[in-house]
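User: Please take one buried spot in this model and look at it closely, then carry on into the rest of the chain. I work with force fields, so spell out the cut-offs as you go.

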Amino acid sequence: MLKPLPLVLALALPLALAGAALSPQVATGSAAAAPASAATATPAFRPTVDQQGAARMVYGVLSDSRYAYAPKPLDDALSTAIFTRYLESLDGQKLFFKQSDIDAFQKNERRFDDAIKGQSLQPAFDLYTRYMLRVSERVAFARERLKGEFDFSADEVWRYEREDAAWAKDSAELDVLWEKYVKNDWLRLKLAGRAPEEIRRTLDRRYAQMATRVNQLKPEDAFETFMNAYTESIDPHTGYMSPRSAENFNMSMRLSLEGIGAVLQSQDDYVVVRTLVPGGPAAKTGQLTVGDRIVAVAQGNGPMVDVMGWRIDDVVQLVRGAKGTTVRLDTIPAVNGIDGAHRIVEIVRDRVKLEEQAARRQLIEADGKRIGVIRLPTFYADFEAKRRGDADARSATNDVAKLLAELKAEKVDGVVVDLRGNGGGSLTEAVELTGLFVDTGPVVQVREAGGRISIESDDVAGVAWDGPLAVLVDRSSASASEIFAAAIQDYGRGLIIGETTFGKGTVQNLIDLDRFQNTREPRFGQLKLTVAQFFRIDGGTTQFNGVVPDLAFPVTLDASEFGESSYDNALPASRIQPATHRTYGNFAPMLLPLAQRHESRIAKDVEFGWWREDVAEFRKEREEGTISLNEATRRTEREEAEAKRVARTAERKRLGLDDSLPNRADDGLQADERDVAEQVADEKAAENHIDPLLRESAHVLADALGLLAGNQRLATQVLPESRQATLWAD
């Protein structure tokens, strides 16, 4: 149910986990060949036989109505859509390609359908290679431009939102664009107080890394990006994953792996330890710390392989391995500096549980009520362990049930389930999690391609929490999050608070393409295919419209900017017959008094007011899509922002508010240029921070409790007689 992230890696490489078992192919050395250096000429990529075969298999599945929910014929019209989407995925901001590039490749826009069906994929690979060349050229221009001086007295602006811009007609026009691009980067650092030579070094290193990353791209990246241009032209949530991407996806769903238990990231030419999994093999050695640089990797007693300048997922493939095997790392400890002494660290790999995406809990005091909070980042499950019948199989439902038991023991008065930013995950987990709050019954209806409708129900008697409940959502709450929130709303089991959700109401299945060829080694990748549509138990759908909250917070992103309704090929909303279900309550009579109390409270809530100000400012800047390159103008803006930051810090201190989040002035650096330990500390602080929206949600739930307890007439309107005595208790 999760939509994979875009796989164009020219400007940024993802974090990676040093974890799951290596395939024999990689273990014998295919990943040990060093990637091309930044100075290497752009290679001419060629599709492999396996990739051509994978393309044919994907076409076969997507064109078959027995598999695909809304199949589209792969014809010239779809081929043109693929061409457009491919260009967008490579250069959506129109910063690299020239109009002559578009003209040269436009002759292929009606040939991509034939290429996928079995003819040569070479034109798609050639376009990707051209993209890599253009990025290298722009980087070369930017680095050369750093040698000169800049005039910040003119009334120029940098238009950073360029999706609707025309392609640059020639290199001279791109030079003008990149002149402003570099000027903006320089001005940010200048305003942060950096000296000219320091600015040159910082930006030269930044642009050099951009070149390095584009030179680390591989044919599999070209194939995966092109195939996703095809799959996403069918619908927004159908996608293709290469064997490596599929492995990482499956690992993230089960929240466990076999390896050393370290999260790695790229920084300059190094791979750096970002975090250590508590209790994992790396943490137990006591020899690795956050910020340590890995310069070489060896398997057991084998030779060290130098990994300086490598692409991060290649390094991770070397570090990962099966439980019980040994890996040796040649590291430069963070405390020693880049030129410091090295340390060899030997680690025996083991099974590792990943806690960063696991459910966690907090407590909030709200108007004399103790409100428990459960934050759930994703609907995860170890499907393999479940298939084996493992009673301790890791899953979102099992983890939340344990947290609810802990909150009950602490005698909380109510529970808020925080699903903000939760993009979904397992359908089964959405159903089973609902069952922790609802005592048996339908959760979601599923309509398949042929029109057959089935009902996914919670069949387990009893609940883990029978008390007051609220669900906090935002525009990024999608898929499984929407199933859960919609079911809680339709049952009248709890209040939904926040923003209207994403609107993803379709079902995806993973199809392992290797099964079609009976191959044991991962060669062809996986297809994430839309096979059905979700419908609420009241007959409506979460598709396109999302879940509308009972009590709304200000909108951060407009529906036309983000969410299902922003896609040009999203399935429309529709209705079916409702499913028979019981009703726990009807909160409509109390929504007005709740909203009144909410508005009265936030009018006095300093932090909530700041948040609303920041949202309004963000939306205004996003609509404008430009930033001034005039130093005087920018300096005034910076001084105003700094004055606001200082004033807020003082006000927080005066009012005794939580000040655990970092509150620094803009230093002009990108995230991966900051100290790794500082990055991690900031993220940890954010995890534990009780932000104004979460705090207000707890107060809304406390208000509901107070209203029902103090107004018998309202309680009879909201709750059935069987529930009035104990309010929301079953």
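Analyst: Leaving aside residues up to four places away in sequence, Arg162 touches Gly92, Gln93, Lys94, Leu95 and Leu177, where contact means heavy atoms within 4.5 Å. Arg162 sits in the loop that runs between β2 (157–159) and α7 (171–191); helices (H or I, at least four residues) and strands (E, at least two) are DSSP runs, numbered from the N terminus. Arg162 is buried and yet has no salt bridge. Here buried means under 20% relative accessible area, exposed over 50%, and partly exposed in between, with a 1.4 Å probe and protein chains only. A salt bridge needs a side-chain nitrogen of Lys or Arg within 4 Å of a carboxyl oxygen of Asp or Glu. For Arg162, the nearest side chain of opposite charge is Glu173, 6.2 Å away. In that count Lys and Arg are positive, Asp and Glu negative, while His and the chain ends are not counted.

A word on provenance: this is a predicted model, in which local features need pLDDT of at least 70, side-chain atom pairs count only at pLDDT 80 or more, and totals for chains, interfaces and linings use all residues. Residues are numbered from 1 along each chain as its sequence is written, and side-chain values use heavy atoms, with hydrogens and water left out. The protein chain has a mean pLDDT of 89, with 93% of its residues at 70 or more; pLDDT is the predictor's confidence in each residue, from 0 to 100. Over residues 1–40 pLDDT stays under 50, and for this stretch the model has 119 contacts beyond four places in sequence.

Unlike-charge pairing does turn up elsewhere in the chain, with a count of 54 salt bridges. One of them joins Arg311 and Asp313, at 2.7 Å from N to O. Arg311 is buried, with a relative accessible area of 2%, and Asp313 is buried too, at 16%. Both belong to a salt-bridge network that links Lys218, Asp221, Arg244, Arg311, Asp313 and Asp314. Asp313 and Asp314 also appear among the buried residues of α12, alongside Ile312, Val315, Val316, Gln317, Leu318 and Val319. With 8 of its 8 residues buried, helix α12 (residues 312–319) is largely enclosed by the rest of the structure.

Another pair brings Arg601 and Glu696 together, their closest N and O atoms being 2.8 Å apart. Arg601 lies in helix α18 (residues 588–602) and Glu696 in helix α22 (residues 692–710), so this salt bridge ties together parts that are 95 residues apart in sequence. Arg601 and Glu696 are both buried. For Glu198 and Arg194, the side chains meet at 3.2 Å, N to O, and Glu198 counts as partly exposed, with 29% relative accessibility.

Now for the rings. The count comes to 21 aromatic pairs: rings of Phe, Tyr and Trp (its six-membered ring) pair if their centres lie within 6.5 Å, with planes under 30 degrees apart called stacked, over 60 edge-to-face, and the rest tilted. Tyr86 and Phe112 have ring centres 6.4 Å apart and planes at 80 degrees, so they are edge-to-face. Since Tyr86 is in helix α3 (residues 76–91) and Phe112 in helix α5 (residues 112–117), the pair ties together parts 26 residues apart in sequence. Tyr86 and Phe112 are both buried. The rings of Phe150 and Trp186, with centres 5.1 Å apart and planes at 45 degrees, form a tilted pair. This pair links distant parts of the chain, as Phe150 is in the loop between α6 (122–145) and β2, and Trp186 is in helix α7, 36 residues apart. Phe150 and Trp186 are buried as well. Ring pairs also join Phe45, Phe96, Phe97, Tyr128, Tyr131, Trp158, Trp167, Trp178 and Tyr181 into a cluster.

Charges meet rings, too. Arg293 has its charged end over the ring of Tyr270, 5.5 Å from the centre, and the charged end of Lys107 sits over the ring of Phe105, 6.0 Å from its centre. The rule asks for NZ of Lys or CZ of Arg within 6 Å of the ring centre and within 35 degrees of the ring normal.
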